[in-house]
Amino acid sequence: MNRLFIYILTLGVFLTATSELVVSGILYVIASDLRISVALAGQLVTAYSLAFAALTPVVVFFTSRWERKNVLLFSLALFLLGSAASLVPHFGVVLASRVLLGIGSGVYLVTAFAAAAKLSPPDKVGASIGTIVLGFSSAMILGVPIGIVITKWLNWQSIFAILGVLSLLMGLIILRSLPRIPGDEPASFGRQFKVLGSGIIASLLMLSFFRESGNSVLLTYLTTFMNDLLHFDANTISLLMLGLGLVGAVGARLGGSGADRFGTKRILIATLTVHAAALILLPLFTGTLAVEVVLIGLIMFSMFMGGPALQTHFIKQAPESSSLVLSLNTSMIHLGLAAGAGSGGMLIERTSTVLYNPWLAGIVVALGLGTAIFSFALGKRRAPQTA
């Protein structure tokens with residue numbers, strides 16, 4: 001029966017993640033409709049990411065002792081308000097809507113991870129986290145293309161009207177179906193924040209930063225890499241991106257079950273090693289398309305496979321403050337994405353080519369691997385825990 005609850009949580013992640021990802025695909029339409037520049041419309045993405053990164057930990061902190069169902073409903077209420085505000089044809093209001101959507105989505109994602117862990121037996125936590133991650137990867141595969149189609153058929157506001165209605169239905173399902181799930185154990189705020197002074201947690205947060213920075217250095221400019229260096233046309237790139245999304249979904253599923261079976265540390269070391277190696281090799285085989293496609297597939301597979309293992313490892317290292325730690329991790333992820341996109345763009349400006357981005361990405365991911373090894377070494381000095 002718990003598996004049904006996990007699927008309900010995952011569907012909510014799909015809805016909230018779609019609100020984040022879909023805007024990038026329709027920026028030109030939004031800019032034209034609101035009579036603003038594309039650059040100004042791009043600030044809608046920035047507002048969402050900043051709200052997600054900066055305000056999610058604050059809300060999670062003050063709701064950490066609430067029942068998880070109540071926090072999920074609260075986050076969906078914020079999401080519903082943000083979706084409704086998106087319908088107002090005024091840039092300032094739409095910008096504010098992105099802040100509400102960012103907070104609602106961030107709080108929902110963190111709470112879904114924590115709730116999934118508490119609904120699952122200890123030997124199935126990784127698989128449950130992997131299922132939650134599938135909600136996000138499914139938004140990449142289906143949510144964004146569906147949003148673009150809806151924009152062509154109706155208008156871009158219709159996307160958020162539909163998301164708002166679906167979030168309301170999701171809230172009703174959670175209200176009626178989800179069991180009572182306790183929040184984090186009663187502990188003083190000082191005790192919760194004390195965990196942040198742990199070298200293990202601090203190094204894991206840096207691992208997330210390096211990992212996502214490396215991903216962003218390449219993925220932000222992946223379509224440019226495919227077009228300029230591999231000479232794929234738009235249709236080929238679209239099909240390949242769909243295929244990569246499916247590969248990522250499989251990786252997330254296997255990463256969760258693999259973390260339960262083999263341990264989070266082994267999965268993280270293996271995926272980070274493959275990830276960094278594939279990135280380093282990518283610029284060396286631009287003349288061999290089959291090898292390039294395989295390497296890009298390995299990058300996507302290892303990236304998504306390592307995600308559930310890292311989230312599960314966080315939960316096991318700080319079970320009493322899991323919501324707070326997971327929220328800070330999501331912030332580090334968004335900061336890493338921003339840093340990677342910025343540094344990748346600077347490299348392209350300096351070299352006038354995207355060829356070297358995979359090497360920079362590989363170096364950054366390798367730093368993440370070194371950080372992971374350091375964190376695991378620190379963990380051996382503590383009382384033994386199940387990895």
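**Loops, helices and salt bridges in a predicted model**

With a relative accessibility of 80%, R35 counts as exposed, because exposed residues are those over 50%. The model described here is a predicted one, and R35 is a friendly place to start reading it. R35 sits in the loop that joins helix 2 (27-34) to helix 3 (38-41). Its backbone also deserves a look: the phi angle of R35 is near 60 degrees, which is a positive value in a residue other than glycine. Most residues other than glycine have a negative phi. S352 offers a second example, with a positive phi of about 60 degrees although S352 is not a glycine. S352, too, is found in a loop, between helix 15 (322-351) and helix 16 (357-379). With a relative accessible area of 67%, S352 is exposed.

From the loops, the description turns to a single helix. Helix 5 covers residues 68-85, which makes 18 residues. At 1.5 Å a residue, helix 5 should span 26 Å, and its end C-alpha atoms are indeed 26 Å apart, so expectation and model agree. The sum behind this takes 1.5 Å times one less than the number of residues. Which residues of helix 5 are buried? They are R68, K69, V71, L72, S75, L76, L78, F79, G82, S83 and A85. F74 also belongs to helix 5, but F74 is partly exposed, with a relative accessible area of 32%. F74 and G171 are 97 residues apart along the chain, and their C-alpha atoms are separated by 9.1 Å.

How helices pass one another can be followed in two pairs. The axes of helix 4 (residues 43-62) and helix 6 (residues 91-119) come within 7 Å and cross at roughly 45 degrees. An angle under 35 degrees would count as roughly parallel and one of 65 to 115 as roughly perpendicular; helix 4 and helix 6 are therefore oblique to each other. Their crossing is right-handed. The residues of this contact between helix 4 and helix 6 comprise 17 nonpolar, five polar and one charged. In the second pair, helix 13 (residues 264-281) and helix 16 have axes that come within 8 Å and cross at roughly 160 degrees. Because angles over 145 degrees count as roughly antiparallel, helix 13 is roughly antiparallel to helix 16. Helix 13 passes helix 16 in a left-handed crossing.

Charged side chains come next. How many salt bridges does a search of the whole structure find? The search finds two. One of them joins the side chains of E67 and R180, with a distance of 2.6 Å from N to O. E67 lies in the loop between helix 4 and helix 5, while R180 lies in the loop between helix 8 (156-177) and helix 9 (189-194), so this pair ties together parts that are 113 residues apart in sequence. The partners are not equally accessible: E67 is partly exposed, at a relative accessible area of 21%, whereas R180 is exposed, at 66%. R211 and E212 form a salt bridge as well, and their closest N and O atoms are 2.9 Å apart. Both R211 and E212 are buried.

Finally, some pairs of residues show how separation along the chain can be set beside separation in space. G135 is found in helix 7 and is buried, with a relative accessible area of 2%. G135 and Y7 are 128 residues apart along the chain, and their C-alpha atoms are separated by 8.8 Å. F136 is also placed in helix 7 (residues 125-153), yet F136 is partly exposed, with a relative accessible area of 27%. The C-alpha atoms of F136 and T63 are separated by 23 Å, for residues that are 73 apart along the chain. R65 lies in the loop between helix 4 and helix 5, and with a relative accessible area of 44% R65 is partly exposed. R65 and G307 are 242 residues apart in sequence, and 26 Å lies between their C-alpha atoms.

Key. Residues are numbered from 1 along each chain as its sequence is written. This is a predicted model: local features need pLDDT of at least 70, side-chain atom pairs count only at pLDDT 80 or more; totals for chains, interfaces and linings use all residues. Side-chain values use heavy atoms; hydrogens and water are left out. Helices (H or I, at least four residues) and strands (E, at least two) are DSSP runs, numbered from the N terminus. Buried means under 20% relative accessible area, exposed over 50%, partly exposed in between (1.4 Å probe, protein chains only). Axes are lines fitted to C-alpha atoms, for helices over the stretch in contact, and angles run from 0 to 180 degrees between N-to-C directions. A crossing is left-handed if the near helix is turned anticlockwise from the far one by less than a right angle, and right-handed if clockwise. Ala, Val, Leu, Ile, Met, Phe, Trp, Tyr, Cys and Pro count as nonpolar, Asp, Glu, Lys and Arg as charged, and the others, Gly among them, as polar. A salt bridge is a side-chain nitrogen of Lys or Arg within 4 Å of a carboxyl oxygen of Asp or Glu.
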